[in-house]
Amino acid sequence: MLSAFRKVSTVGQLIVVDAAVALGLALLPVLSPLRRQAGDGVPGWVLWVAAVAVAAPLVVRRVRPWPVFLTVLAVAVASVPLGLAPTAFLAAAFAAYPVALLTGPPPFGRGGAAVIGGTSTAGVVLLTVGGSPHYPGGTQAVQVLFGVLVLGATWAAGLAVRERREGVRRTIEQAGERARREERLRIARDIHDVVTHSVGLIAVKAGIANHVAAARPEEAGLALTAIEEISRKALSDLRATLVVLRGEDGSDGGDLRPARGLADLPELIRAAELAGVRVELTTRCAVEPPGGVALAGYRIVQEALTNAAKHAAPTRCRVRVVAADGGLTVEVADDGQSGGGPAGPVGSVPGSGLGLLGMRERAHAHGGTLTAGPGDGGGWTVRAVLPY
């Protein structure tokens with residue numbers, strides 16, 4: 001209701017402006033220097049009636065563009081013998097502008113509209129400087145030519161403004177669609193990170209529990225406890241992501257939104273250690289990087305630890321995070337599968353290959369780089385540099 005009220009208020013203000021312009025156009029024919037030409041041999045009341053008939057419809061030109069334009073144009077043509085052609089065609093041009101804003105692109109293309117607009121404007125300037133349409137001695141043919149040129153210039157201007165507005169609208173729509181695609185991709189990455197990280201760890205711990213259930217039930221119990229903890233955290237993160245995804249109700253997700261950062265790395269490392277990855281964390285961040293960069297760094301560490309748990313556990317892993325000189329450096333290096341411990345015979349969990357792709361996309365989204373491959377001493381090393 002408030003939006004409708006504001007719209008009505010804006011239209012009312014524009015109508016007041018149009019009414020002021022209409023009043024000026026109604027008075028213009030009887031002012032010097034036009035009065036010497038407009039009143040020759042014509043009763044004064046006729047001039048007033050014609051001037052009012054031309055100007056009065058302009059008050060509602062924004063409400064009824066086409067009827068107002070056709071009415072004013074007809075009265076302007078009828079006013080040519082009265083000597084009112086210059087101001088009458090100015091009124092017709094004033095009425096033509098909103099019509100031009102509503103019509104589609106010209107059949108002769110943008111170039112044709114520009115040529116017509118430029119030619120018409122130049123013609124109006126030449127006739128105005130010459131004085132023929134405004135002062136005694138200007139024939140009715142010249143006055144009509146002046147009116148046609150004014151109409152052409154105004155029409156071309158309206159088409160140009162309409163095209164510019166359409167271009168702005170298309171740009172906004174494209175930007176909105178691009179933002180929606182990027183948001184969908186971001187949410188897909190978050191879901192992928194949460195699911196692959198948590199399910200991967202659960203699969204590892206479930207394999208351990210199944211392997212040692214008969215021989216070492218206490219280790220199977222610890223594995224099941226880890227599965228329970230990882231599952232609860234995964235459900236919480238997925239619920240938070242879905243709340244953000246279902247944001248039609250205007251809620252922003254509150255504290256449920258998984259806005260992770262470098263401060264959450266210890267919690268991430270605890271989950272990895274439950275899956276048999278002994279993690280050594282080294283951080284050197286004098287200042288916390290921007291939220292987007294910090295989240296990307298967190299997700300890269302998460303995915304790298306997930307891969308280490310799935311393919312190399314039990315193993316030892318070194319995580320190094322440094323924020324300095326306008327860049328965030330993340331390095332995750334594991335020693336490869338040691339073969340010892342209860343996870344040795346279980347084997348690794350097959351991957352989809354999307355994890356490495358997701359890490360590279362996160363790095364490239366911030367103008368950074370990511371490399372991944374076998375380490376110098378065996379194992380696997382992931383290194384990302386994210387500028388900010």
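In this predicted model, a charge turns up over an aromatic ring: Arg61 lies over the face of Phe94, at 3.7 Å from the ring centre.

Aromatic rings also meet one another. A search of the whole structure picks up two aromatic pairs. In one of them, Trp66 and Phe69 sit edge-to-face, with 6.2 Å from centre to centre and 75° between the planes. Both residues belong to helix α4 (residues 65-78), and because they are three residues apart there, about one helical turn separates them. Their surroundings don't match: Trp66 is partly exposed, with a relative accessible area of 41%, whereas Phe69 is buried, at 9%. Phe69 also pairs with Trp155, this time in a tilted arrangement, again with 6.2 Å centre to centre but with 50° between the planes. That second pair ties together distant parts of the chain, since Phe69 is in helix α4 and Trp155 is in helix α7 (residues 140-212), 86 residues apart. Trp155 is partly exposed, with a relative accessible area of 26%. Put together, Trp66, Phe69 and Trp155 make up one aromatic cluster.

On to the nonpolar interior. In soluble globular proteins, nonpolar side chains tend to be buried together. Here the largest nonpolar core has 34 residues, and the members touching the most others are Ile300, Val301, Leu305, Leu328 and Val332. Several elements chip in with at least two residues each: helices α9 (265-274), α10 (291-311) and α11 (354-365), along with strands β1 (277-285), β2 (315-324), β3 (327-334) and β5 (380-387). Of these, α10 gives the largest share, nine residues. Val332 shows how the pieces come together. Setting aside neighbours within four places in sequence, Val332 is in contact with Val301, Ala304 and Leu305, with Cys317, Arg318 and Val319, and with Trp380, Thr381 and Val382. Another core lies apart from this one; it has 23 residues, including Leu25, Val54, Val68 and Ala88.

As for cysteines, the disulfide count comes to zero. Two cysteines differ in how much of them is accessible: Cys317, one of the contacts of Val332, is buried at 0% relative accessibility, while Cys285 is partly exposed at 31%. Cys285 misses the buried class because its 31% is not under the 20% cut-off.

Conventions
Residues are numbered from 1 along each chain as its sequence is written. This is a predicted model: local features need pLDDT of at least 70, side-chain atom pairs count only at pLDDT 80 or more; totals for chains, interfaces and linings use all residues. Side-chain values use heavy atoms; hydrogens and water are left out. A nonpolar core is a set of buried Ala, Val, Leu, Ile, Met, Phe, Trp, Tyr and Cys residues joined through side-chain atoms within 4.5 Å. Buried means under 20% relative accessible area, exposed over 50%, partly exposed in between (1.4 Å probe, protein chains only). Helices (H or I, at least four residues) and strands (E, at least two) are DSSP runs, numbered from the N terminus. Contact means heavy atoms within 4.5 Å. A disulfide is a pair of cysteine sulfur atoms within 2.5 Å. Rings of Phe, Tyr and Trp (its six-membered ring) pair if their centres lie within 6.5 Å; planes under 30 degrees apart count as stacked, over 60 as edge-to-face and the rest as tilted. A charge sits over a ring if NZ of Lys or CZ of Arg is within 6 Å of the ring centre and within 35 degrees of the ring normal.
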